[in-house]
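The following note is offered to a colleague who comes to this structure for the first time. It takes up the interface, then the sheets and helices of each chain.

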Amino acid sequence: MANSALSVANLNFNDIKSSLQEYMQTQSSLKDYDFTGSNINVLLDVLSYNTYMQNFYLNMVANESFLNSAVLRDSIISHAKTLNYLPQSRSSSTARVKLKITPNDTPAQITVPKYTSFTTTIESKSYTFSTDEGFTISSDASGNYEANNISIFEGEVITELFTVNSANTDQRFVLNNPEIDTDSLVVKVIASAADTANAEWTKNLSTIGIDGNSNTFFVAPAESGKYEVQFGDGILGRKVENNNIIQATYRKSSGSAPDSANTFTLVGDIQGYSNVVITPFSKASGGSLPESDESIRKNASRSLTIQDRTVTVGDYKTLIKQNFTDIEAINVYGGEQSIPPQFGKVIITVDLKNAQGIPLSRKRDIEAFAKLRAPLSITPLVVDPEFLYVDINSIVRYNPNVTTKSDNEIKTIVGDSIKAHTDANINDFDTKLRMSKLAASIDASDPSVLNSDVTATLEKRIVPELNKSQTFLLQYDNELYREIPLAGVFVDGTAPITSSTFTFDGLTGCSFRDNGLGVLQIVQDTTSGIEVIETKVGTVDYELGLVNINSFKTSLYTGSSIRVFATPVSRTISSSKNIILAYNTQPSIKIVQERS
Amino acid sequence: MSVFSDFNTSFANHPVKKDLSVKTDANAVKQSIRNLILTDRGERLMQPSVGSKIRSILFENFTPQTALLAKQYIKETFDNFEPRAELINIDVSPDPDNNSMLIGIEFAIINIEEPQTLNLQIERIG
């Protein structure tokens, strides 16, 4: 009969032993249970230890049985697998380079093969980068063989071969390296050793759109951080046949260690030519370790909620980010919010890692992917992101009596603080920059800072083609300040909407400004004052934050773009739709000493 | 009625009752002291501080310090783990030729008038 005095619910060795000792109090045969040297005490130690281990084991079993409480990675991955969630593998660091080949003859084309390798060294350690596709370079008008913006990916290229044995019903195709970047995985199925027509099969995350003739494979997490390749059963995906040879080629990534590499050397030669100059466009970045346990816990359950269908904004974001891993930021909104409205469409805007804009082919890929999963009559449309720059103007007062820092040092600290705040809060879609919080960050940047006044100016950049009439719609996405000048003169001398200078109609030093009545003009700053050159070149909708520039033609402008500035009404600047709020990294900071 | 009682280390049966044989009072305490002295530190499950370090000195060369160390270790063990007994005297006789040590412990048990003696021979085997 169970003794209610004996509690075995404790998880701690000492507590279990205390319970047993309490139980022993109920008998008089062996009284030395609480003296350390006694035999019965030793026996209680053994019993307690056994109970403790049992409790620990059962506790672990219970923990590992649920996604939320599992601690072993294999358990977490196993739970994720049941939710059809593929944990993110390592990602290769990616760099973009320009290749310039100077051959000693004049070939019509030079072929750069897939997996052409380059090396780089970071902190005395050598890393290998390679191309993930082959391409050809033709001679340009100057006789140069140049390829621009070539992506190269870090990682040793590994090829593994498996022979299908249909007699082995438990056969699995587990790839040996947990360091794999699954995005790089290419699988070919060769009919037999004598066959040379090895077709490349495509990777699928779901069974949507595939049938028994689809040459498709799936990647699934396996034990010990590895991944395995799985094939269809002849109904959903083509089945592999006996003696087929499976060739899996992938990169073994070093994670983020090679990030920031920007000097590359060709390994060997390209089609026999070794005089190759490699100029980096962007240094290596984007390398990462496998998805963390915490992230898998969070995303696996979300993945189940979505069930590979895009209905809500969150569905689109999660599925597209999961499938296209080169996406840095994404936003999705209904076409009715577009200007002009596009009913029946879902607008997807993405910012790719280390890329300016998004290539048309990538847009089509994303649209096709989303269309398969979207409800009927909904058409996904991918649009380029627009950048809305924020220029920060700050006046900072500090007490020189409590610091040994100079004005310039304070200025640097404040600049770093503004950058840290904006990095953490904006540079993404759907973000807000609150002036009060930015001011608080500046105030906290150094104990000597007394207070700060912060204002922001919004900036859009247009790049007109020279001597060509063009129309621009600038979306500031925030209500703009409006001031009606008195006798043509603004209070502080400048209009709320201004711009950098350009040449208009042969006149240099021209710029845009608004007249306070919703009209955009072109003015010139002359020695006799501001002179209006064009009374109406566009319109301004202050409430919606829209500036239209119509039929504008310029012959020259300073810098790489014309920068059009506008003053927002609110001290909270926000962005929506396809607009990324971006920090202009050159803030105007004025330092004022105030001794107290 | 005995005050202290513990089962025998040998798990021997009682010759008549065939029950587990039990040591009581002074014998139980002696058995406990013997267990404590012969238990090495770290040997007891989850209780690494229980026991004495006397075995470790068997692996050292015998010097005049060795006997002093042995006495100190035995005293520490008494003080820390055996509240039923009060140490009176310890006599340690090293027998270096046989790699062993003869230990004589004289102690008093609470509630028992006459002093008790426990003799142990500990030796290095192998």
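1. Contact here means that heavy atoms lie within 4.5 Å. The model is a predicted one. By that cut-off, the contact involves 20 residues of chain A and 24 residues of chain B.

2. The size of an interface is often expressed as the accessible area lost when the parts come together. Between them, chain B and chain A bury about 1,800 Å², and carbon and sulfur atoms account for 58% of this area. On the side of chain B, R44(B), L45(B) and M46(B) contribute 32% of the area buried against chain A, more than any other three residues.

3. Chain B contains an open, antiparallel sheet of 3 strands, ordered β3-β4-β5. Its edges are formed by β3 (85-95) and β5 (116-123) of chain B; each has a single partner strand, so one side of each is left without a neighbour in the sheet. From one strand to the next, the twist averages 15°.

4. Within this sheet, β4 (residues 100-109) of chain B pairs with β5(B) in the antiparallel sense over 8 bridges. Which residue of β5(B) is the bridge partner of F107(B)? That partner is Q116(B).

5. Two helices of chain B deserve attention together with the sheet. Helix α1 (residues 25-38) of chain B packs on the sheet and touches β3, β4 and β5 of chain B, with its direction at about 30° to that of β5(B). Helix α3 (residues 64-81) of chain B also packs on the sheet, where it touches β3 and β4 of chain B; the direction of this helix makes about 155° with that of β3(B).

6. In chain A, an open sheet of 6 strands follows the order β14-β3-β4-β6-β1-β15, with antiparallel pairing. Strands β14 (265-266) and β15 (276-285) of chain A are at the edges, and each pairs on one side only. Inside the order, β1 (residues 94-101) and β6 (residues 145-154) of chain A run antiparallel and are joined by 7 bridges. L99(A) stands opposite A147(A) in β6(A).

7. Helix α1 (residues 13-24) of chain A comprises 12 residues and spans 17 Å from its first C-alpha to its last, close to the expected 16 Å. At its N-terminal end, N12(A) acts as a cap: a side-chain oxygen lies 2.8 Å from the backbone nitrogen of N14(A).

8. Which residues of α1(A) are buried? They are F13(A), I16(A), K17(A), S19(A), L20(A), Q21(A) and M24(A). The buried residues of α1(A) pack against α2 (39-64) of chain A.

Definitions and conventions:
Residues are numbered from 1 along each chain as its sequence is written. Chains are lettered from A and ligands numbered from 1 in the order in which they are written. This is a predicted model: local features need pLDDT of at least 70, side-chain atom pairs count only at pLDDT 80 or more; totals for chains, interfaces and linings use all residues. Side-chain values use heavy atoms; hydrogens and water are left out. Two strands pair if DSSP finds at least two bridges between them. Helices (H or I, at least four residues) and strands (E, at least two) are DSSP runs, numbered from the N terminus. Axes are lines fitted to C-alpha atoms, for helices over the stretch in contact, and angles run from 0 to 180 degrees between N-to-C directions. The expected span of a helix is 1.5 Å times one less than its number of residues. Buried means under 20% relative accessible area, exposed over 50%, partly exposed in between (1.4 Å probe, protein chains only). A polar contact is a pair of N or O atoms within 3.5 Å; within protein, one must be able to donate a hydrogen and the other to accept it, and residues adjacent in sequence count only if both atoms are side-chain atoms. Buried area is the accessible area (1.4 Å probe) that two parts lose on being put together, summed over both.
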